[in-house]
Amino acid sequence: MAFAIALVGAGLAFIGIFLFAVLAFLAVIMTILALCAWMKPLKLGSITVEPHEARLFIYRGLAGAVLVPAFVVFSAILIGFKINPDWWFYMVVGGYVVGSVGIAILEASNEDEDKAEDAPPMPAPSALEPPARVRHEGREPVRMKGPARSAEPFRFASWDDEEEFK
């Protein structure tokens, strides 16, 4: 049982390391693009990066690079654990990734939800057609036009309403 838990923990650690590396690489690429769009808009195909978006991306990353290590120091003082000096690089890079790419992902998902809410309502379904009548000519079915005919002729119901009012 302990081996299975250790195996799951190791797998989760490797997934975390891989995710950290991919997001850090994405943050480097997006930071380079943001620096290119710092003064004038940068157009990449159908995507346009505006200068204010580029600045916000970098400012949020820098804020994360400062706030995450500050939170870790606060937690270390509060709980009383020692911070390994090798962790500082990963805390700063992780803070930059969380501040820049993480918030960009949250904004993108929020915009998708807003677009879904702003979409015009679906029109009410129209009245459905009566089911089609089909007859078979040989092997092929043929759709018949007009209302379905019943085998019996129409008859009015028979009841006496006058008894109710007496």
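**Exercise 1. Val-72 in the predicted model**

Task: In this predicted model, state which helix holds Val-72 and decide whether Val-72 is buried or exposed.

Solution:
- Step 1. Locate the residue: Val-72 belongs to helix α2.
- Step 2. Take its relative accessible area, which is 18%.
- Step 3. Apply the cut-off: buried means under 20% relative accessible area. Val-72 is therefore buried, its value being 18%.
- Step 4. Look across the chain: Trp-88 is 16 residues apart from Val-72 in sequence, and their C-alpha atoms are separated by 9.8 Å.

**Exercise 2. The order of elements**

Task: Find how many helices and strands the protein chain has, and give the order in which its elements run from the N terminus on.

Solution:
- Step 1. Count the elements: the chain has 3 helices and 4 strands.
- Step 2. Read them from the N terminus on: the order is α-β-β-α-α-β-β.
- Step 3. Add the burial figure for the chain: of its 166 residues, 16% are buried.

**Exercise 3. Trp-38 and two residues of later sequence number**

Task: Say where Trp-38 lies, and find what separates its C-alpha atom from that of Ala-54 and from that of His-52.

Solution:
- Step 1. Place Trp-38: the residue sits in the loop between α1 (2-36) and β1 (42-44).
- Step 2. Classify Trp-38: its relative accessibility is 23%, so it counts as partly exposed.
- Step 3. Take Ala-54: this residue is in helix α2, and it is buried because its relative accessible area is 1%.
- Step 4. Compare sequence and space for this pair: Ala-54 and Trp-38 are 16 residues apart along the chain, with 5.9 Å between their C-alpha atoms.
- Step 5. Do the same for His-52: it is 14 residues apart from Trp-38 along the chain, and the C-alpha atoms are separated by 7.7 Å.

**Exercise 4. The salt bridge**

Task: Determine how many salt bridges are counted, and which residue pairs with Glu-107.

Solution:
- Step 1. Recall the cut-off: a side-chain nitrogen of Lys or Arg must be within 4 Å of a carboxyl oxygen of Asp or Glu.
- Step 2. Test the pair: the closest N and O atoms of Glu-107 and Arg-60 are 2.8 Å apart, and the two form a salt bridge.
- Step 3. Place the partners: Glu-107 is in helix α3 and Arg-60 in helix α2, so the pair links distant parts of the chain, 47 residues apart.
- Step 4. Classify both: Glu-107 is partly exposed at 34%, and Arg-60 is partly exposed at 25% relative accessibility.
- Step 5. Give the total: the count is 1 salt bridge.

**Exercise 5. Two surface patches**

Task: Name the residues of the nonpolar surface patch and of the patch of negative charge, and say which helix gives the most to the nonpolar patch and which to the negative patch.

Solution:
- Step 1. List the nonpolar patch: Phe-71, Phe-74, Leu-78, Ile-79, Phe-81 and Trp-87 make up about 710 Å² of surface.
- Step 2. Assign it: helix α2 (residues 51-80) has the largest share, 4 residues.
- Step 3. Check one member: Leu-78 lies in helix α2 and is exposed, with a relative accessible area of 64%.
- Step 4. List the negative patch: Glu-53, Glu-111, Asp-112, Glu-113, Asp-114 and Glu-117 gather on the surface.
- Step 5. Assign it: helix α3 (residues 87-118) gives the most, with 5 residues.
- Step 6. Check one member: Glu-113 is in helix α3 and counts as partly exposed at 48% relative accessibility.

**Exercise 6. Annotated spans**

Task: State where UniProt places the feature "transmembrane region", and describe the chain over residues 12-36 and 57-81.

Solution:
- Step 1. Read the record: the unreviewed UniProt entry places the feature at residues 12-36, 57-81 and 87-106.
- Step 2. Take residues 12-36: the span is 100% helix and 0% strand, with its end C-alpha atoms 36 Å apart.
- Step 3. Take residues 57-81: the chain is 96% helix and 0% strand there, and the end C-alpha atoms lie 32 Å apart.

Key
Residues are numbered from 1 along each chain as its sequence is written. This is a predicted model: local features need pLDDT of at least 70, side-chain atom pairs count only at pLDDT 80 or more; totals for chains, interfaces and linings use all residues. Side-chain values use heavy atoms; hydrogens and water are left out. Patches are made of residues with over 30% relative accessible area and no salt bridge: like charges are joined within 9 Å, nonpolar side chains (Val, Leu, Ile, Met, Phe, Trp, Tyr) within 5 Å. Accessible areas come from the Shrake-Rupley method with a 1.4 Å probe; for residues, only the protein chains shown count as cover. Lys and Arg count as positive and Asp and Glu as negative; His and the chain ends are not counted. The place of a charge is taken as NZ of Lys, CZ of Arg, CG of Asp or CD of Glu. Buried means under 20% relative accessible area, exposed over 50%, partly exposed in between (1.4 Å probe, protein chains only). UniProt positions are given in the numbering used here, feature names are shortened, and annotations may be inferred rather than shown by experiment.
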